[in-house]
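Trainee: I am new to this structure and would be grateful for a close look at a single part of it. Would you please take me through one sheet and its surroundings?

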Amino acid sequence: MAREAAEETAWPGKVGEHLGLVAEADRVVTHFFEALDPAYHGWRWAVTVARAARARNVTVDETVLLPGDDALLAPPWVPWLERLRPGDLGPGDLLPTAPDDPRLAPGLAQVSDAVDAQAQWELGLGRARVLSAEGRDEAAARWYEGPSGPRASIAMSAPAQCSTCGFFVPLAGQLRQMFGACANEYAPDDGRVVSADHGCGAHSEAVEIPAASEHGPPVIDELGYEVIVADDAEIEAEEALGHS
């Protein structure tokens with residue numbers, strides 16, 4: 001009866017040998033059969049049969065396909081929002097922000113003495129939520145450890161830090177002390193956030209502008225000279241034209 005139930009649930013020819021049974025409770029037994037479907041290698045059919053008290057007939061409770069010890073399983077399910085990585089978002093894609101995102105906080109809840117009071121938008125006026133302290137710290141750590149931080153290879157060979165560059169535009173608020181934006185169109189980080197101790201070869205004080213002419217002064221040979229003999233007719237012709 002258990003084999004017939006497994007073959008009815010699967011299809012003929014996909015149920016293999018009997019692999020054993022387990023007594024689940026009084027008059028309740030689960031039989032296991034090998035699954036021959038190549039898509040379910042290592043799985044097995046489990047058919048649970050039971051007999052009611054004082055009853056003579058055995059009935060089938062359920063038939064399911066269960067993984068065995070060497071079964072091929074799918075990886076654990078990860079929600080889409082947790083699988084998303086930086087750079088996955090493309091043009092036209094929308095990324096909803098969770099209402100309880102710890103990186104954000106209500107705009108008026110983040111007001112403190114340390115916030116830049118010169119810009120009212122930094123206080124959250126006009127925005128429902130602003131960066132929380134946790135979100136700000138995560139962004140600062142990510143930027144500082146990333147390719148725009150002080151440990152980048154281009155920063156290690158830079159002549160000076162971005163904090164001394166004329167193209168360095170500091171950010172507002174509490175991030176102002178550590179980060180700014182690069183405004184040099186020839187720099188590799190143009191338009192990006194860089195740390196104050198980052199650097200590159202396009203520093204505003206890296207090199208001097210070369211002179212318009214790279215040629216040196218003319219060299220006059222004062223050690224030797226050549227005597228040129230001119231006849232009187234040539235001299236008179238030059239004097240007639242105004243030459244001495």
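**The sheet β7-β8-β9 and a neighbouring serine**

Mentor: V169 has A181, a residue of β8, as its bridge partner. The model is a predicted one, and this pair offers a convenient way into the sheet. β7 and β8, the latter covering residues 179-182, are joined by three bridges and run in the antiparallel sense. With a further strand they make up an open sheet of three strands, whose order is β7-β8-β9 and whose pairing is antiparallel. At the edges stand β7 (168-170) and β9 (193-195), each of which pairs on one side only. On average, and with direction ignored, neighbouring strands of this sheet are turned by 45° against each other.

The edge strand β9 (193-195) leads on to a residue outside the sheet. S148 is placed in the loop that lies between α3 (133-145) and α4 (153-156). A polar atom of the S148 side chain is 3.5 Å from the backbone oxygen of V193. Leaving aside residues up to four places away in sequence, S148 touches V193, V194 and S195, together with W143, D189 and H198.

Is S148 buried or exposed? S148 counts as buried because its relative accessible area is 13%, and the cut-off for buried is under 20%. The loop residue S148 is thus a point from which β9 may be examined: find V193, whose backbone oxygen lies 3.5 Å from a polar side-chain atom of S148, and then follow the strands in the order β7-β8-β9 from its far end back to the pair V169 and A181.

Conventions
Residues are numbered from 1 along each chain as its sequence is written. This is a predicted model: local features need pLDDT of at least 70, side-chain atom pairs count only at pLDDT 80 or more; totals for chains, interfaces and linings use all residues. Side-chain values use heavy atoms; hydrogens and water are left out. Two strands pair if DSSP finds at least two bridges between them. Helices (H or I, at least four residues) and strands (E, at least two) are DSSP runs, numbered from the N terminus. Axes are lines fitted to C-alpha atoms, for helices over the stretch in contact, and angles run from 0 to 180 degrees between N-to-C directions. Buried means under 20% relative accessible area, exposed over 50%, partly exposed in between (1.4 Å probe, protein chains only). A polar contact is a pair of N or O atoms within 3.5 Å; within protein, one must be able to donate a hydrogen and the other to accept it, and residues adjacent in sequence count only if both atoms are side-chain atoms. Contact means heavy atoms within 4.5 Å.
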